[in-house]
Amino acid sequence: MVQKKSLAAPYLVWMAAFIIAPLIIVVYFALTDSAGNFTLDNLMTIGRYSTVFARSLILAAVATVICLVLAFPVGYFLSRLRTSKQHIMQMLVMLPMWMNFLLRTYAWMSLLEKNGIINRILGLVGLGPFEMINTSGAVVLGMVYNYLPYMILPLYTAMTKIDQSVVEAAQDLGAGMGKILTRVLIPLSVPGIATGITMVFVPAVSTFIISRMLGGGSNLLIGDLIELQFLGNSYNYNLGSAMSLVLMVIVLLCMSFTSSFDEEDMEGVV
Amino acid sequence: MKQKHWRALQQAYMVLIFSFLYVPIVVMAVFSFNESKSRSVFTGFTLNWYKSLFTNSMILDALALSVAIALISALISTVVGTMAAVGISGMGRKSRLLINNLSYLPIVNPEIITGVSLMLLFVAYRGFAAWANAHMGAELVPQNIFGLPTLLIAHISFSVPYVIFNVSPKLRQLDVRMYEAALDLGCNPTQAFFKVVMPELMPAILSAFLICITYSIDDFIISYFTCGNLQTLPIAIYSMTRKKVSPEINALSTIIFLVILAIILFTNHMDSRKYRRDQQRRG
Amino acid sequence: MKKRLVSLAAVLMCAVLAALPAFAAAGDTVPAGPDLQVSADYDWNRFRGQNVTLYVYNWGLYISDGSDDSIDVVKGFEDLTGIKVNYTTFDTNESLYAKMKSGAANYDVIVPSDYMIGKMIGEDMLEPLDFSNIPNIDKIGAAYKNLEYDPDNAYSVPYTWGVVGIVYNKTMVQEPPTSWDALWDIEYAGNVLMFNNSRDAFAIAAKKLGMSLNPTSAEQVQTMAEELKAQKSVVQAYVMDEIFDKMTGGEAAMAPYYAGDAIVMMEDNPDLDFVIPEEGTNSFVDAMCVPKGAKNKEAAEMFINYMCETEVGAANCDFIGYSTPITDVWETLDDDLKYSPIAYPSEEVLANTEVFVSLPDEINSAMDMAWSDMKSYDEAGSGWMVPVMLLLALALIVFNVWRKLHRRQRSDLY
């Protein structure tokens, strides 16, 4: 149609300068030491932090699974509502998403603290104060709370494309709840599931705010470690770049499992 | 009977999930009216925190900066992105695939890596500028770019892909025959583009513009690494949460919530009016 | 004729007498904002109308900023001089250093601690000050000038000083702590907060072990790191500014922190008290400096001079609680603050304190590395994490392969 390829030129230049070049610089720093000589030391040092990487991956995975389980019914029920109601509900799901991320996490701090609201309410019925904040559980809770809408929306979008007659046909053929779930709903909503997993797992694995505000600073995640190297206590660009490189590889690996890089598929994300 | 139980269960579950999503926000709102500074004991009703929020120059400056950056970066991103989407649609399959995959990178990359890589780029540039200036003996290359320039560059970099992925599908759905008809009727390509293609793309471009603004105002991690000595709103909030707590934060969060709610209700109202008008036109 | 001369002389005398008070007043003070008076002996208006913005980078809660009915010192400066101040905060010396070293930000006034100033001087990151613009330097007590970190006192002007001790909640401990061991006591597991920066944390471990808080070898750093690792199971959280909220809210039983902040916390929560452990502790000086290449050096020096004004210093002292190095300001304090053993400890307590010196590069990087290690160290379950991760990776690979096969199967059917 409009065959003006040159229109894309400004963007291509921009992309090369501000998307590709920075990543190359990260790789450069990862593979050199502070004097500029090539070295693999940085990558080797990361071995000491394998527990941090493992912890981040595991916590992010747990949060993703919880989000998936919680969001799946929500997406389904939303898609079966009347169209006018769907619109409003969709907006209501998105509203927390548009509120500031820091404020939402901060809100949980006042709920989870020892003298926080939840403990006070439990105290009224005589249940002892539970140590909820500054634990891995609090971090997972923070992740689930912040990223649940990102899982609900793709699932909902995918499920609106599943015609109700398909479900009814399955019921007519004698399928029970479980069969409908595994044979009809899940396979047909796979694109939504894939998108949702991507949109939850990637931010969850690389966050540093949630672990700092709800985790007490003693259980570091990858994001904390990287931040420490750049703007924090341990000023070490090379080590930080090496960690970023490893994180990027991990994320790309996970991405290759959950989504295909076909044009049309990608647009479901936005 | 079973249907009734099923529906009750459905509704209960939805209520549960929505309360989970909204309870913290509501709690924050309630305690923004709290007399004392306590975050868990409600002692009395007051509007003081809202008043002091409006005189808090740090927050107001940060808000102004955030809004300015959001508008400027969204504008530039939308223009560059739309141009890019049009240009990319005219390319061969292989180059299209390559560019789309590369454009996907800022979206899928963890924000901390985008932030860190941009910071390294700017630091490297600064080193280069210092060397160049020393070489030439004069300050010809701008050296201290951290601040407004770096923030704008960073925000544009992560916004443009969203524009591309919003406009491209609309572009593909476009009926080529309309464009060709315009050419047949005597328009040159530029006129045809602006008179036929652009109006069709407008909804996608507008929604892309809004998405850019949203992501830009809410961005914390990338701004954190590229802000220099400036503070955007999320960064100001972050520094507030690390200090002696003040219910001013609660007041701020309540205000943001109400503004967003108002925007949502307004757009919903506009959408339903448009829907009804379309229905009438068709019927 | 004579009568006219006499009356002329009388009029002149009256005029002079009338003008005298005006002269006297002009020589005294000028207002800085609605609540402060500063010396009129200084040209505060040099930059008025020139659209100057000053970037000040200070610790959090380290200036009287108008909250809690205190005086807004920064606004006073803006009103007095017509210079706009962009005031931002940091929470540790190390994050200040990281931001400045990378060139990621440009500030005009910064307020590092003693050892960090020494380090920055060594790395040529500070501008030597022009003291003709800072006449108030003479008001700083001699005991706080020409210290080890800045022997010629060419780069810094002291802002506050203090000591580190343990803040504890009287209702949550069996007995008041007397030694640094108390922070390792399993009795208070989950109720102890700790410094979230390497030097302060290592200093406490050093004092507990009876070592100097300026390690001289990497082995010493390792020993201190081991001690901190052992403490991890007892620590509730690593905090800096967040501590105010936590201690006043009764979230923790004890925490090491700076004396000035302890005073502020004790005002908010009368259950709190402060003690300086018997093994000795760190005493510090925070001073104002101008980074190299600052755009508005003179305006920065004006700001530094303003902060040393008596009323400004008193307002700050009152709000942040830290001890002042300016004798005039000390004179104006309330008796209970003036003679407080927390804010102004006795000679013998001070004799048992040690100051930080900037460490040589290898020891610094050893400490940074050890800090990262200690923070990521996980006592419970360090072993099983990696195998679990490998299993997860395997599961993902298997799932992916199955899916690819399944897809091929489905497409084969059509």
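In chain C of this predicted model, three strands form an open sheet whose order is β4-β3-β5, and the pairing between them is parallel. The edges of this sheet are held by β4 (84-90) and β5 (109-110) of chain C, each of which has a single partner strand, so one side of each is left without a neighbour in the sheet. Strand β3 (residues 53-59) of chain C is joined to β4(C) by 7 bridges, and these two strands run parallel. One pairing that can be followed by residue is that of Trp59(C), whose bridge partner in β4(C) is Phe90(C). Helix α9 (residues 297-307) of chain C packs on the sheet, where it touches β3 and β5 of chain C, and the direction of this helix makes about 50° with that of β3(C).

From the sheet one can step back to the layout of chain C as a whole. The domain assignment divides this chain into domain 1 (29-160 + 284-343) and domain 2 (162-283 + 363-376), and the centres of domain 1 of chain C and domain 2 of chain C, taken over C-alpha atoms, are separated by 27 Å. Where these two domains of chain C meet, 15 residues of domain 1 are in contact with 15 residues of domain 2. On the side of domain 1 of chain C that touches domain 2 of chain C, the residues divide by class into 7 nonpolar, 6 polar and 2 charged.

Which residues have the most contacts inside the largest nonpolar core? They are Val167(C), Met254(C) and Phe303(C), in a core that has 270 residues. Helix α7 (residues 136-160) of chain A supplies the largest share of this core, with 17 residues, while domain 1 (29-160 + 284-343) and domain 2 (162-283 + 363-376) of chain C each contribute at least three residues to it. The surroundings of Val167(C) can be described in detail: leaving aside its neighbours within four places in sequence, Val167(C) is in contact with Met247(C), Met254(C), Ala255(C), Tyr257(C), Ala262(C), Met265(C), Leu272(C) and Phe274(C).

Chain A, which gives helix α7 to that core, has 14 helices and 0 strands. Along its principal axes, the C-alpha trace of chain A spans about 70 × 70 × 30 Å. Of the 270 residues in chain A, 50% are buried, and among the contacts in this chain between residues at least 6 apart in sequence, 72% join residues at least 24 apart.

The contacts between chains remain to be described. Between chain A and chain B, 69 residues of chain A are in contact with 72 residues of chain B. Helix α1 (residues 9-30) of chain A provides the largest share of the side of chain A that touches chain B, namely 12 residues, and the residues on this side of chain A comprise 51 nonpolar, 12 polar and 6 charged. The contact between chain B and chain C takes 14 residues from chain B and 18 residues from chain C. On the side of chain B that touches chain C, helix α5 (residues 111-136) of chain B gives the most, with 3 residues, and by class this side of chain B has 4 nonpolar, 6 polar and 4 charged residues.

Notes
Residues numbered from 1 in each chain as written. Chains lettered and ligands numbered in written order. Predicted model: local features only at pLDDT ≥ 70, side-chain atom pairs only at ≥ 80, totals over all residues. Contact = placed C-beta atoms within 7 Å. Helix = DSSP H or I, 4+ residues; strand = E, 2+ residues; numbered from the N terminus. Nonpolar A, V, L, I, M, F, W, Y, C, P; charged D, E, K, R; others polar. Domains from an automatic or database assignment. Core = buried A, V, L, I, M, F, W, Y, C linked by C-beta atoms within 7 Å. Buried ≥ 20, exposed ≤ 12 C-beta atoms within 10 Å, placed from the backbone. Pairing = 2+ DSSP bridges. Axes fitted to C-alpha atoms, helices over the stretch in contact; angles between N-to-C directions.
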